[in-house]
Amino acid sequence: MRKIRFGLILLILLGIINIFPLWIIFKQAITSEKESLLWPPTFLPHSVNFENIFMFFKTGETLKALGLSLFVSLGTGLISMVVGSLSGWAMAREPKVGSKVSMFLIIARMFPMVAIAIPLAVIFIKIGLYNHPYGIGLIFAHSILVLPFVSLILYSTFKSIPVALEEQAQIDGCSLIGTFLKVTLPLAAPGIASSFIIAFILSWNEFGYSLLLQVTHRNLSPLLYYYTTFGSTGIASALSLIMILPAVFILLFFQRNIASESLASFIK
Amino acid sequence: VRQKNFYRNLVLPLVIYLGAFLAYPFLFALFISFQRDGAYTLGNFIDLFDNPLFIPAVRNNIIIPLISISLEMILGIALAVIVNRIKKHATLFIVLIMLPFIMPNIVFLTASRFIFSQHGYINGVLVFLGLEPLYWLEPGSALSLVLVSLVDAWRLTPLVFLIILAALKGIPKELEDQAMVDGASPRQCFFFVILPMLIPAIIASLVLRSVDAFRIFATPLVLSGVEGVPCVSTFAYHLWSDYNNASMACAASTILAMLILTISSIYLRLWKRAERIQI
C-alpha cells in the first residue's frame, strides 16, 4: 500500500512538471511581452493582454506561415492516405509482399533527416521546388517521413478486416477493384481517417525538413524557430499556442481511436 | 497468379515514391560527398577533421544518446510499472505522462528554452530560494551538454513508457500471483518474472530510441544553437546553411546514416534472437 502511495506522489509530481511547459506557453501568450521579460519571472499572469495574439493575426508573415502549414499538412495527409491505403491493403492481402515491404519501411524510417534533406535541397534547387511559395517540395519531403508510418498503420488496419468478406464479394461477381471500393474501403474508413489525421499532425509538427527546405517562405515550425532565436518572446509564445491547437483538438475528439492506432504502430 | 501480380502492383506507388525521394537523394549524397570540382576524392571526409566543430560534434553525438537513453529506459519502465498498478484515473496519468511527446517538438523546445534561459523560470526559482542562478546553456560547457540530454529524455521517456506499458498489459496477472504464492518477494517477482518477459519490448524501444537519439537534431539546435552543443546532424546543417558546402555536409550526414544503419542492424538481430527465445 505504501509503495503505491509513493508511486502516486511521483506521478503527480511528474504531471506538474509535464504541464509546466504548456502553462508557460499559455501564460506568455496571454500577457504582454513586457511581462514575459520581467526579472524575476512571474509564474502567474499579472494582467491579461491579448496583444501577442492580435499581433499574430495582424502580421502578414505569420498568417502566410499558417496558411502554408495548413496546405502542406493537408497535401501530405492526402498523398499518404491514398498511397498508404493502396499499399497497406496489398500488404495485408499478400503476406509475402507484406513482410518484405514492412521490412523495407522499417529501414526507410531509420535514415537521419539531414542525410536526405540536404541532397533533396540540392535536387530541389535544380528543379525549382526548393523554398517553393506553396510548399510543394515540402509536401514531397514530409511524405517521405509520414508514408512509412502511415503504411504500417494501414497494414494493421486492413489485416483486421476479414478476407472472407472480400472473397464473398468476388464470388458474387465483383472485380478486385470493385471489391476494394465497395467492401473493403467502407470497413476500413475509420482507420483510414485516423491515418489521415496522424499524417496531418506529423506534418504539422515536423521541424527539420521544413527548416531546410523553406528558407524564406517559412511555415509555422521554422518561423517559430526564427522568432525564438531572435528573442521575440511575445510572438513566439502566440505562435506556439497556435501550433498546439490541432493536437489538442484531436486529443479531445478522437482520443480513443488514435491512441490505439498509434500504439499499434509504435510496437511494430 | 493474376491476383498476386495485382497486389504487387498496388505496392508500386509506395516503392517508387520512396525510391525517388529517399533512396535517390541518399545515393546522390553519397555521390557528391566523394566529389570535388568534378574529380573523385576523399577530400571532403578528410577536411571534416579540420573543422573545430567536428570532433566535439562526434563526441556529443555519443554522449547525448548514452545519457538520454539510459534515463529514458529506467524512467519509462518505472512509470509503466507504476501506472499498470494504478486502478483509478489511469487514463489521466497516461495523458499527463504523454504531454511532452504530444506537444509539437518545436513548441516543447521553445518552452524549454524559456525555462532554462539565463533569465528563465528555473533561474527565477533558484534566485527565489536564495541560490546563485546558473548559466544552463553556456556554449560548449558540460552543463549544457547534460541539459540537452535531459530535455531529450524528458520529451521521449513517454515513448518508452508507452511501449513498455503495452507489453505489461499483455502479461497475465496469474504469473505474478503464482510467483507470489511460491514465496517470491515483490522485488524478486519484478526482476525474475516480469522483466524477462519485457525483453522484446525493451529491445524494441531501444531500437526506436537509438535510431532517433543518434540523429538528434532539433533539441541541441533550438536550445543552444549550432556552436553551443554541436551534434553531427546540426554540424551537417551548419555546413550546408552557413557555408553552402553541400559536399562536406553530405559527407558528414552520410557517415551518420551509415552509423545508424549499422547500429540498428545489430539491434534487429538481437531482437530476432530475443523473440526466438520467447517462443
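**Close-ups of a predicted two-chain model**

**View 1. Lys173(B) and Asp177(B) pair up in a salt bridge.** In this predicted model, the closest N and O atoms of the two side chains sit 3.5 Å apart. Both residues belong to helix α8 of chain B, and because they are four residues apart there, about one helical turn separates them. Lys173(B) is exposed, with 53% relative accessible area, while Asp177(B) is partly exposed, at 38%. The cut-off for calling a residue exposed is over 50%, so Lys173(B) makes it and Asp177(B) falls in the partly exposed class.

**View 2. Glu176(B) reaches Arg85(B) from another helix.** Here, too, the side chains meet in a salt bridge, this time with an N to O distance of 4.0 Å. Glu176(B) comes from helix α8 (residues 173-181) and Arg85(B) from helix α3 (residues 54-85), both in chain B, so the bridge ties together parts that lie 91 residues apart in sequence. Arg85(B) is partly exposed, with a relative accessibility of 42%. Taking all chains together, the model has nine salt bridges.

**View 3. Asp212(B) and Arg215(B) meet in a salt bridge.** From N to O, the gap is 2.6 Å. Asp212(B) counts as partly exposed, at 28% relative accessibility. Zoom out a little and the pair turns out to be part of one network: salt bridges with shared partners join Asp212(B) and Arg215(B) with Glu72(B), Asp152(B) and Arg209(B). As a general reminder, side chains of opposite charge can pair when their charged atoms come close.

**View 4. A positive surface patch draws on both chains.** Chain A supplies Lys96(A) and Lys100(A), and chain B supplies Lys4(B) and Arg8(B). The elements giving two or more residues to this patch are α5 (95-108) of chain A and α1 (2-33) of chain B. Look for Arg8(B) in helix α1 of chain B; this residue is partly exposed, with a relative accessible area of 43%. A patch residue needs over 30% relative accessible area, so Arg8(B) clears that bar.

**View 5. Five side chains of chain B make a nonpolar surface patch.** The residues to pick out are Phe31(B), Phe34(B), Tyr40(B), Leu42(B) and Ile46(B), and their patch covers about 540 Å². Tyr40(B) is found in strand β2 of chain B, which spans residues 39-40. With a relative accessibility of 59%, Tyr40(B) counts as exposed.

**View 6. Chain A has 12 helices and zero strands.** Follow the sequence of chain A and you read α-α-α-α-α-α-α-α-α-α-α-α. Along the principal axes, the C-alpha atoms of chain A fill a box of roughly 75 × 65 × 30 Å. Chain A has 268 residues, and 53% of them are buried. Counting contacts in chain A between residues at least 6 apart in sequence, 72% join residues at least 24 apart. The accessible surface of chain A is about 12000 Å², with 73% of it belonging to carbon and sulfur atoms. As for charge, chain A carries 17 positive and 10 negative charges, and the mean positions of the two sets are 8 Å apart.

Terms used: Residues numbered from 1 in each chain as written. Chains lettered and ligands numbered in written order. Predicted model: local features only at pLDDT ≥ 70, side-chain atom pairs only at ≥ 80, totals over all residues. Heavy atoms only, no water. Patch = residues over 30% accessible without salt bridge, like charges linked within 9 Å, V, L, I, M, F, W, Y side chains within 5 Å. Areas by Shrake-Rupley, 256 points an atom, 1.4 Å probe, with all protein chains shown as cover. Lys, Arg positive; Asp, Glu negative; His and termini not counted. Charge placed at Lys NZ, Arg CZ, Asp CG, Glu CD. Buried < 20%, exposed > 50% of the residue type's maximum accessible area, 1.4 Å probe, protein only. Contact = heavy atoms within 4.5 Å.
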